[in-house]
Amino acid sequence: MKLKKIVAAIAAAAIAVSTMAVSAFAATVEIDSEFPGAWTSSGKGITKAELEAVGGDVKIVLTVETYNPYGLADQFLVNPIDYDNGWVSQTIEHCTSDTITAKTDGWICVREDDTTLEFVFAQDAIAALGDSGLCFSVQNVIVKSAEYSLADGPQGALNLVDDAGGKAYCFTSAADSAPAADDTAEAAPAADATTTSAGTGNTTAAVLVSLMTVAGAAALASGKRK
């Protein structure tokens, strides 16, 4: 193969990889602009059809706002539920998260200064949902929107606490967790050289480097054959 053809093939492959990295499915649904009421749900969420269209485990990022107008709230909670089938909680059985703390009854604890919650909903749980899909019951929280996309896979096990621990967690600050996270990062082993784009599942940087290496080797080989 001539050098020009080799370079053209490598360039085409690099473009294809770059395109894959930015083409991952993602969408956002608007849910509530106001607090729907105590221990209730607006019935809005991510429909079953929308979840099925993702084609795998679904990463969900909720935009939230705590509701405490009179300063009397004792906790802030969100519960992902099967709205059509008795409001059954989906948290413990079907959700994983590297960041979420939840009570053992399935209610996710929200700190008063939290603005987002991220978790992964398992693909094999979608088929059992009613048509309304995954909705969100709340207590002293407004779920404003839900962004959903294809997950790379499950995240970690939920941090489960009892009722008292959940109420205490709600009044901690996100800043309190930052020093602990920094300590964990310093102790963690070096990351693998292969990097995967967040939320896409497509390896990009390492693949592009490999393609460049192949191109160089091909060019060298071509030069030697002259």
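Is I81 buried or exposed? That was my opening query on this predicted model. I81 turns out to be buried, as its relative accessible area is 1%.

**Entry 1: around I81**

I placed I81 first: the residue belongs to strand β4. Then I listed what I81 touches, skipping residues up to four places away in sequence. The list holds S41, W87, V88, S89, Q90, G133, L134, C135, F136 and S137. I also checked the spacing to S41, one of those contacts. I81 and S41 sit 40 residues apart in sequence, and their C-alpha atoms are 9.1 Å apart in space.

**Entry 2: the nonpolar core**

Next I asked which residues touch the most other members of the largest nonpolar core. They are I60, L62, V78, F121, F136 and V143, in a core of 37 residues. I then looked up which elements give two or more residues to this core, and found α2 (48-54), β3 (58-66), β4 (77-82), β8 (108-109), β9 (116-121), β10 (134-139), β11 (141-150) and α4 (163-170).

I picked L62 for a closer look. Leaving out residues up to four places away in sequence, L62 touches V78, T115, T116, L117, F119, F136, V143, S145 and A146. V78, F136 and V143 are among these contacts, and they are also among the core residues that touch the most other members.

**Entry 3: strand β3 and its sheet**

How many residues of β3 are buried? I count seven of the nine, so the rest of the structure largely encloses this strand.

I followed the pairing on both partners. β3 and β9 run antiparallel and are joined by six bridges; here I60 faces F119 of β9. β3 and β11 are also antiparallel, over nine bridges, and L62 stands opposite A146 in β11. A146 is also in the contact list of L62.

Stepping back, I wrote down the whole sheet: it is open, has five strands in the order β1-β11-β3-β9-β6, and pairs in the antiparallel sense. Which strands stand at the edges? They are β1 and β6 (95-96), and each has a single partner strand, so one side of each lacks a neighbour in the sheet. For β6 I checked the link to β9: two bridges, antiparallel. C95 has F121 of β9 as its bridge partner.

**Entry 4: Q155**

I wanted a loop residue too, and chose Q155, which lies in the loop between β11 and β12. Is Q155 buried or exposed? Its relative accessibility is 19%, and since buried means under 20%, Q155 counts as buried.

Setting aside neighbours within four places in sequence, I found Q155 in contact with K59, T96, S97, D98, E118 and V120. For D98 I noted the spacing as well: the C-alpha atoms of Q155 and D98 are separated by 5.7 Å, with their positions 57 residues apart along the chain.

**Entry 5: helix α4**

In α4 I found G166, Y169 and C170 buried. Why do they lie on the same side of α4? They cover an arc of only 100° around the axis, which puts them on one side together. I then looked for what covers the buried residues of α4, and the cover includes β4, β7 (101-103), β8 and β12 (159-161).

**Entry 6: cysteines**

C170 led me to search the whole structure for disulfides, and I found zero. Why is there no bond between C109 and C170? The closest cysteine sulfur to that of C109 is in C170, at 4.7 Å, which is too far for a bond; the cut-off I used is within 2.5 Å. Both residues are out of reach of the surface by my count: C109 is buried at a relative accessible area of 2%, and C170 is buried at 0%.

**Entry 7: aromatic pairs**

Last, I counted aromatic pairs and got five. One of them is F35 with Y67, a stacked pair at 4.4 Å centre to centre with 20° between the planes. F35 is in the loop between β1 (26-30) and β2 (45-46) and Y67 in the loop between β3 and β4, so the pair ties together parts 32 residues apart in sequence. I closed by checking Y67, which is partly exposed at 32% relative accessibility.

How values were computed:
Residues numbered from 1 in each chain as written. Predicted model: local features only at pLDDT ≥ 70, side-chain atom pairs only at ≥ 80, totals over all residues. Heavy atoms only, no water. Buried < 20%, exposed > 50% of the residue type's maximum accessible area, 1.4 Å probe, protein only. Core = buried A, V, L, I, M, F, W, Y, C linked by side-chain atoms within 4.5 Å. Helix = DSSP H or I, 4+ residues; strand = E, 2+ residues; numbered from the N terminus. Contact = heavy atoms within 4.5 Å. Arc of directions from axis to C-beta. Pairing = 2+ DSSP bridges. Phe/Tyr/Trp six-rings, centres within 6.5 Å; stacked < 30°, edge-to-face > 60°.
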